[in-house]
Amino acid sequence: KTEFKLLIAAGILLILIVFLTKFEGGADTFDYEDTAKFFAGKYDAKIRTSHSYLYGLIHAPIVGLMENFFIFKITSLVFLFLIVYSVYIISDKNKKSLWLIALSPIIWYMAPWASPIQLSSLLFLWGWHFVKKYEVEKNLRENILYLFYSGALIGLAWAFWDGILFFIPLFLISFFYDKQLTHAIYFILFILVGSLPRIILDQILFGFSFFTPIRHIMAS
């Protein structure tokens, strides 16, 4: 009970820090906020960003309704709390893991940020969890199913945040160097399935399905 009360107190403190400060993150923050404003019909200039438009799109209805960017602070907290809870669940409810992630400086540092990193990290974490299950599963059907879950989640993480693209090759090397080549190909295809929201949005906006990934790579 004492640990639970301390955890609740830490959560409340984190919420207060986020809501009582005006800080919203680094330079890329404006790319996501301006994109939300653009889709909400509140942006008068032409939108130019080298990042995915998807994160701004899902926030656009609330940004248009509230006419501010406060929703980004709320979703940031929600995704970070889900990361903390996910680590607890994935670690078989290990209390040490729970406290390590709940008090991790990066959680507190990223809390006020208007950024897709929090959401993408949550999706990537579960993608890692399912690829670990894929590694030990002997049943072929379940094996491929875990592979699909992992690839789709990592693809969706990439759809929101471009930085995931740089982790994908490391992921492939780490988990597929000793596996069948066909499974690595399946995994790449599943990543594309997960990134379909971004692919479709790029096709609608620019007439080219991979416009923003290529633009981001060239910009980087």
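Which residues are exposed on the other side of helix α9? In this predicted model, the residues in question are Leu-170 and Ile-173. To see what they sit opposite to, it helps to look at the rest of the helix. Helix α9 covers residues 168–176, and Ile-168, Phe-171, Phe-175 and Phe-176 are buried there. Looking down the axis of α9, these buried residues fall within an arc of 85°, so they line one face of the helix. As for what lies over the buried residues of α9, the cover includes α7, α8 and α10.

Two of those covering helices also meet each other. Helix α7 takes in residues 117–136 and helix α8 residues 140–160, and their axes come within 8 Å, crossing at roughly 160°. An angle over 145° counts as roughly antiparallel, and α7 and α8 are therefore roughly antiparallel to each other. The crossing of α7 past α8 is left-handed. Quite a list of side players turns up in this contact. From α7 come residues including Leu-119, Leu-123, Phe-124, Trp-126, Phe-130 and Tyr-134. From α8 come, among them, Tyr-146, Leu-147, Tyr-149, Leu-153, Ile-154 and Phe-160. Sorted by class, the residues of the contact between α7 and α8 come out as 15 nonpolar, four polar and one charged. Lys-133 of α7 takes part in this contact too.

The next stop is helix α10, which spans 181–194. The axes of α10 and helix α11, residues 196–206, come within 5 Å and cross at roughly 55°. That angle makes α10 oblique to α11. On the α10 side, the contact is made by Leu-192, Val-193 and Gly-194, while α11 brings in Leu-196, Pro-197 and Ile-199. By class, the contact of α10 with α11 has five nonpolar residues, one polar residue and no charged ones.

Gly-194 deserves a look of its own. This glycine is placed in helix α10. Is Gly-194 buried or exposed? Buried means under 20% relative accessible area, and Gly-194, at 9% relative accessibility, therefore counts as buried. Leaving aside neighbours within four places in sequence, Gly-194 is in contact with Ala-152, Gly-155, Leu-156 and Ala-159. One of these, Leu-156, also appears in the contact of α8 with α7. As for Ile-71, which is 123 residues away from Gly-194 along the chain, the C-alpha atoms of the two residues are separated by 25 Å.

Notes
Residues numbered from 1 in each chain as written. Predicted model: local features only at pLDDT ≥ 70, side-chain atom pairs only at ≥ 80, totals over all residues. Heavy atoms only, no water. Axes fitted to C-alpha atoms, helices over the stretch in contact; angles between N-to-C directions. Helix = DSSP H or I, 4+ residues; strand = E, 2+ residues; numbered from the N terminus. Parallel < 35°, antiparallel > 145°, perpendicular 65-115°, else oblique. Left-handed = near helix turned anticlockwise from the far one by under 90°. Contact = heavy atoms within 4.5 Å. Nonpolar A, V, L, I, M, F, W, Y, C, P; charged D, E, K, R; others polar. Buried < 20%, exposed > 50% of the residue type's maximum accessible area, 1.4 Å probe, protein only. Arc of directions from axis to C-beta.
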